[in-house]
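What follows is a guided reading of one protein model, taken element by element. Please keep the sequence and the coordinates at hand while reading.

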Amino acid sequence: MQNRISFSLAGHHLDVYGNMEPRLLHYGIPGFATFITAGSDKEWSVVFGSSIEKPAQWDVLYNFVFAENDIDSVFARSEGAYYFYMEPRDKSIAPLLMRYAGGDVVEATVGNDVTMLRFAMWMAVNMLAAKSKLTLIHSSVLVHENKAVLCLGESGTGKSTHTRLWMEHIPNTHRLNDDSPFLAVEDGKAYIYGSPWSGKSDYFIRERYPLAAVLRLSQAPSNKVRRLGVLEAFSALQPSCPPALAQDEAFQDLIVDMLSDVVSCTPVFHLACLPDAAAAWTSHDAIFGSCKH
């Protein structure tokens with residue numbers, strides 16, 4: 001009998017089953033247990049233990065660089081299918097290979113390593129979700145008065161710091177996710193969902209909120225906020241979407257379509273800021289209106 005676990009991710013149902021240890025997704029990988037749900041009609045599937053092989057030739061679309069792990073990881077395309085491959089450089093464990101040929105199923109070899117399985121699942125969900133106007137986006141998310149604010153920026157810019165400053169100085173604020181929440185478009189409106197991927201933090205929260213605004217952060221000697229026009233807004237969002245998918249025309253078209261909907265219904269700001277309370281209030285006032293503070 002195959003092992004099977006079901007998850008609810010951003011309003012979609014994912015079945016993970018096959019030749020793997022359930023404890024790895026249930027207990028071994030932080031965050032996944034929160035999203036376990038009762039079995040029902042599946043939308044997406046990831047099948048481990050599939051008899052797939054690495055193609056003799058493929059077109060490499062993206063090479064991932066892991067700062068903390070000696071793992072070679074490649075996203076590639078061959079004969080109408082996409083492949084995601086992970087292999088430790090010291091060959092201490094077997095490589096992990098995924099294959100996606102469209103539709104609602106990702107096939108994978110056996111996945112019993114926590115580090116590799118966690119990232120492979122992130123990649124699988126991104127491929128499955130793209131056609132549903134849904135993506136995981138690199139950001140920190142705060143929730144204020146039941147509305148989400150998406151904080152974007154390059155690594156080290158201060159996304160987590162800015163979210164923390166809101167939590168410390170602005171009442172009725174909490175953090176939803178600190179690395180990779182879901183950005184979704186539903187019935188012409190943008191929403192943010194928590195996810196099992198939240199970097200090194202433990203903000204694995206199964207909640208959904210309407211998106212009030214997007215902040216693109218940069219460090220500066222003073223605090224200044226500016227609302228962006230449509231083209232600038234699109235350019236502010238796009239770099240935080242999965243970089244591997246941006247190298248493929250079909251996936252990129254899906255992401256562009258989704259982001260176009262987001263910027264048409266959501267204000268996007270650039271915040272040049274210091275890491276201080278005044279920066280939090282500057283962005284708060286731009287998004288929610290001025291108040292006494």
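**A walk through the predicted model**

Serine 180 is buried, with a relative accessible area of 3%. The model is a predicted one, and this serine is a convenient place to begin reading it. In sequence, serine 180 belongs to the loop that connects strand S12 (173–177) with strand S13 (182–186). If neighbours within four places in sequence are set aside, the residues in contact with serine 180 are Trp122, Leu136, Ile137, Ser139, Ser195 and Trp197. Since buried means under 20% relative accessible area, the value of 3% places serine 180 in that class even though it sits in a loop.

From this loop one can turn to strand S10 (residues 140–144), which pairs with S12 in the antiparallel sense over 4 bridges. Within that pairing, valine 143 stands opposite histidine 174 in S12. S10 also pairs with S11, again in the antiparallel sense, over 5 bridges, and here leucine 142 has valine 149 of S11 as its bridge partner. The hairpin of S10 and S11 has 2 residues between the strands, and in it glutamate 145 takes a positive phi near 50°.

How is S10 placed with respect to the rest of the structure, given that 5 of its 5 residues are buried? Because every one of those residues is buried, 5 of 5, the strand is largely enclosed by the rest of the structure. In a regular strand the side chains alternate between the two faces of the sheet, and it is therefore useful to read the two sides separately. On one side of S10 the buried residues are Ser140, Leu142 and His144, on the other they are Val141 and Val143, and both faces are thus covered.

Strand S6 (residues 81–88) can be read in the same manner. In S6, 8 of the 8 residues are buried, so this strand too is largely enclosed by the rest of the structure. Ala81, Tyr83, Tyr85 and Glu87 are buried on one side of S6, and Tyr82, Phe84, Met86 and Pro88 are buried on the other, which leaves both faces covered. Strand S5 (residues 71–78) pairs with S6 in the antiparallel sense over 8 bridges, and the bridge partner of aspartate 72 is glutamate 87 in S6. In the hairpin that S5 and S6 form, with 2 residues between the strands, glutamate 79 takes a positive phi near 50°. S6 pairs as well with strand S7 (residues 96–100), in the antiparallel sense and over 5 bridges, with tyrosine 83 standing opposite arginine 99 in S7.

Within S6, methionine 86 deserves a separate look. Methionine 86 is buried, with a relative accessible area of 1%. Not counting residues up to four places away in sequence, methionine 86 touches Phe66, Ile71, Asp72, Ser73, Pro95, Leu96, Met116, Phe119 and Ala120. One of these, leucine 96, is 10 residues from methionine 86 in sequence, while the C-alpha atoms of the two are 5.2 Å apart in space.

Two of the residues that methionine 86 touches, Phe66 and Phe119, lead on to the largest pocket, where Val65, Phe66, Phe119, His138 and Asp179 lie nearest the centre among the 33 lining residues. About 1400 Å³ of space lies in this pocket. Strand S4 (59–64) and helix H2 (114–129) each supply at least two residues of its lining, and H2 provides the largest share, 4 residues. By class, the lining of the largest pocket consists of 17 nonpolar, 10 polar and 6 charged residues.

The second largest pocket holds about 210 Å³ of space. Of the 13 residues that line the second largest pocket, Ala94, Pro95, Leu96, Thr109 and Val110 lie nearest its centre, and the lining divides into 8 nonpolar, 3 polar and 2 charged residues.

The last element to consider is helix H4 (residues 230–237), whose buried residues are Ala233, Phe234, Ala236 and Leu237. These residues cover an arc of only 160° around the axis, and therefore lie on the same side of H4. An α-helix has 3.6 residues a turn, so residues three or four places apart point the same way. The buried residues of H4 pack against strand S11 (147–152), strand S15 (208–219), helix H5 (249–265) and strand S17 (268–273).

Notes: Residues numbered from 1 in each chain as written. Predicted model: local features only at pLDDT ≥ 70, side-chain atom pairs only at ≥ 80, totals over all residues. Heavy atoms only, no water. Buried < 20%, exposed > 50% of the residue type's maximum accessible area, 1.4 Å probe, protein only. Contact = heavy atoms within 4.5 Å. 1 Å grid on protein atoms, 1.4 Å probe; cavity = no way out; pocket = protein on both sides within 12 Å on 5 of 7 lines; lining within 4 Å. Points joined across faces, edges and corners; volume = space filled by probe spheres on them. Nonpolar A, V, L, I, M, F, W, Y, C, P; charged D, E, K, R; others polar. Arc of directions from axis to C-beta. Pairing = 2+ DSSP bridges.
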